[in-house]
Amino acid sequence: MFEEAETGQEAVMPDTRIIGSDWWRGAVIYQIYPRSFNDSNGDGIGDLNGVTERMDYIASLGVDAIWLSPFFTSPMDDFGYDVSDYEDVDPMFGTLADFDRMTKAAHERGLKVMIDLVISHTSDQHPWFKESRSSKDNSKADWFVWADAKPDGTPPNNWLSLFGGPAWEWDSRRCQYYMHNFLASQPDLNFHNGDVQDAVLDVARFWLDRGVDGFRLDTVNFYFHDVDLRDNPPLSAGEAPSTVDPTNPYGFQDHLYDKTRPENLVFLERFRALLDKYPGSTSVGEIGADGQAVELTAAYTEADKRIHMAYSFDLLTPQHSASYVRRIVEDMNAEIGSGWASWALSNHDVKRVATRWGEGKDVSRFAPLVTALCASLRGTPCLYQGEELGLTQADVPFEKLQDPYGIRFWPEYKGRDGCRTPMPWVKDNANAGFSEAEPWLPVAPEHLALAAFEQDKDETSILCRNRAFFSWRQNKTALKKGDMVFLESSDETLVFTRSYRNEMILCAFNLADEEVTITLDGLDLENLNAPGFAGTILGNEITLGGLDAVFARINS
């Protein structure tokens, strides 16, 4: 399909696209990690022109929007999540003109464009920080979180960096510590300073004026810190963090004071007011907070008041039983109020779902199943590049590792490089058609057989099944915007309804390898024959093979 488009023929488009100011509600967002998507200039690193080259492929998936991980000017200590210029493109990714061409190509295909906005911190090479650290009385002296040492010279409090060690770095120019939630080269901005808030809103305005349709807000609950710098208490006995590896001491604390502060709600109202000046723009926040995902999502996404939607890490963890998934989703639906959730099963920070949840299972059946599951939950699904191919987690040897997080905690935690390896396009190519040069991360040999061009030739492939499902889903308003109610079912099954106005759809999934029969009384079901799934309905009985699903209209 998309190979034909590259030879000059028109790309095959879905029948409909989500339009209107609430296009984001139930839209499918495709996350692109530019470094690893497609290299257009042969330097081994993906770039914006590479994304443009593959825009027909992206459109063929039946998704509604793309979200690009950072491409801003950066020393790349954390691969773009350490920004040194918010209003320019790093030369390794191209130019602002390249960004404009990419945006135009997306819009011509009916795709919205969202970009990562990393404003909780900057790079230590950003001009703001260079000025701030130069003295205690310059115009930006209070733009970052500075604090004096304790009398014995130790850091101001017990706060820890997510990437290991204290969250404080000594600066010999100011003879003070500065705060960093991540790398020492990623100093945290001081959002208690109104000038900082104004500056980051100006950054958002710059990109909105340039034509972007919205933002993914990195670490959206990390913006504010406790002004009194109080120590975090330890986690209570029996509590265990789900968002960090057990080997990371960051998980030993209850992070009451270094993030998730109440002042954040007021700033998010300012941010939403800016977005509302650009009709149709949207925002999705990343919430990293153990045990608070539901209440924060409800507060952060309160309708018409703050950001539009948010996702947490609750479905990005190793836990994946049917009962676990039901509890997470049911709790969210019960407490979210007027807000809106986003769901993801993979992204650039976690082990790929085909390995994390599907180890030992037939990936050709498992991958389309969980993609369809994610896209059937109440909320907005995010699909991470390669997930549509069923890519598994790559095993990157230590000598090839790039991620500072993984290098710090190796070998118990191998970092994030295994989900960031190059996108495989061509099977019979050492670099999988990603680049003519040696890629910045090695191509996983097992990914070659799953290459996009190879799968495109086979209508039964994971790619074609996912593509067909998303196209089928396009005119199912209940699956995009509808209410959701779980029905009782046994074993590793999930059964729920999605209803919107006069439309009601039943969704049933079998997460196990063994066939199962589910009896549902009092429902008149009509099989909707969702492509790629073979579940059957006979009277009040649903039969699902292993790793299979069925979708049915509920007739009144």
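## The second largest cavity

In this predicted model, the second largest cavity is enclosed by Ser-346, Arg-352, Val-353, Ala-354, Phe-366, Ala-367, Val-370, Thr-371, Glu-387, Gly-390 and Leu-391. Its volume is about 50 Å³. Sorted by class, the residues around the second largest cavity are six nonpolar, three polar and two charged.

Two helices, H10 (353-356) and H11, each give at least two residues to the lining of the second largest cavity. Helix H11 provides the largest share, with four residues.

## The largest cavity

Two cavities of 30 Å³ or more are found when the whole structure is searched. The largest cavity holds about 60 Å³ of space. Its lining consists of Val-28, Leu-345, Thr-371, Cys-374, Ala-375, Pro-381, Cys-382, Leu-383, Glu-387 and Phe-470. Helix H11 (363-374) and strand S13 (380-384) are the elements that contribute two or more residues to this lining. The largest share belongs to strand S13, which supplies three residues.

By class, eight residues of the lining of the largest cavity are nonpolar, one is polar and one is charged. Thr-371 and Glu-387 appear in the lining of the largest cavity and also in that of the second largest cavity.

## The second largest pocket

The second largest pocket contains about 210 Å³ of space. Its lining is made up of 20 residues, and those nearest the centre of the pocket are Ser-21, Trp-24, Arg-272, Asp-304 and His-308. The lining of this pocket divides into seven nonpolar, seven polar and six charged residues.

## Overall form

The secondary structure of the protein consists of 15 helices and 21 strands. The radius of gyration is 23 Å, close to the 24 Å given by the globule rule for 556 residues, so the protein is as compact as a globular protein of that length. The C-alpha trace spans about 75 × 50 × 50 Å along its principal axes. Of the 556 residues in the protein, 60% are buried.

One buried residue is Leu-201, whose relative accessible area is 6%. Leu-201 is located in helix H6 (residues 194-209). Along the chain, Leu-201 and Met-55 are 146 residues apart, and 29 Å separates their C-alpha atoms.

## Aromatic pairs around Trp-425

A pair of aromatic rings is described by two quantities, the distance of the centres and the angle of the planes. The structure contains 43 aromatic pairs. One of them joins Tyr-57 and Trp-425 in an edge-to-face arrangement, with 4.9 Å from centre to centre and 80 degrees between the planes. This pair links distant parts of the chain, 368 residues apart: Tyr-57 belongs to helix H3 (residues 55-60), whereas Trp-425 lies in the loop between helix H12 (404-409) and helix H13 (452-456). Both Tyr-57 and Trp-425 are buried.

Trp-425 also pairs with Phe-453: the ring centres are 6.3 Å apart and the planes stand at 65 degrees, so this pair too is edge-to-face, the angle being over 60 degrees. Because Trp-425 lies in the loop between H12 and H13 while Phe-453 lies in helix H13, the pair ties together parts that are 28 residues apart in sequence. How buried or exposed are Trp-425 and Phe-453? The relative accessible area of Trp-425 is 0%, which makes Trp-425 buried. Phe-453, at 14%, is likewise buried, since the limit for a buried residue is under 20%.

## An aromatic cluster and two charges over rings

One aromatic cluster is formed by Phe-469, Phe-470, Trp-472, Phe-486, Phe-496, Phe-509, Phe-533 and Phe-551. Among its members, Phe-470 also belongs to the lining of the largest cavity.

Aromatic rings in the model also take part in contacts with charged side chains. The charged end of Arg-35 sits over the ring of Trp-440, at 4.2 Å from the ring centre. In the other case, the charged end of Lys-140 is placed over the ring of Trp-143, and its distance from the centre of that ring is 4.7 Å.

Key. Residues are numbered from 1 along each chain as its sequence is written. This is a predicted model: local features need pLDDT of at least 70, side-chain atom pairs count only at pLDDT 80 or more; totals for chains, interfaces and linings use all residues. Side-chain values use heavy atoms; hydrogens and water are left out. On a 1 Å grid over the protein atoms alone, a cavity is a set of points where a 1.4 Å probe fits but cannot get out, and a pocket is an open set with protein on both sides within 12 Å along at least five of seven lines; lining residues have an atom within 4 Å of a point. Grid points are joined across faces, edges and corners, and a volume is the space filled by probe spheres set on the points. Ala, Val, Leu, Ile, Met, Phe, Trp, Tyr, Cys and Pro count as nonpolar, Asp, Glu, Lys and Arg as charged, and the others, Gly among them, as polar. Rings of Phe, Tyr and Trp (its six-membered ring) pair if their centres lie within 6.5 Å; planes under 30 degrees apart count as stacked, over 60 as edge-to-face and the rest as tilted. Buried means under 20% relative accessible area, exposed over 50%, partly exposed in between (1.4 Å probe, protein chains only). A charge sits over a ring if NZ of Lys or CZ of Arg is within 6 Å of the ring centre and within 35 degrees of the ring normal. The radius of gyration is taken over C-alpha atoms; the globule rule is 2.2 Å times the number of residues to the power 0.38.
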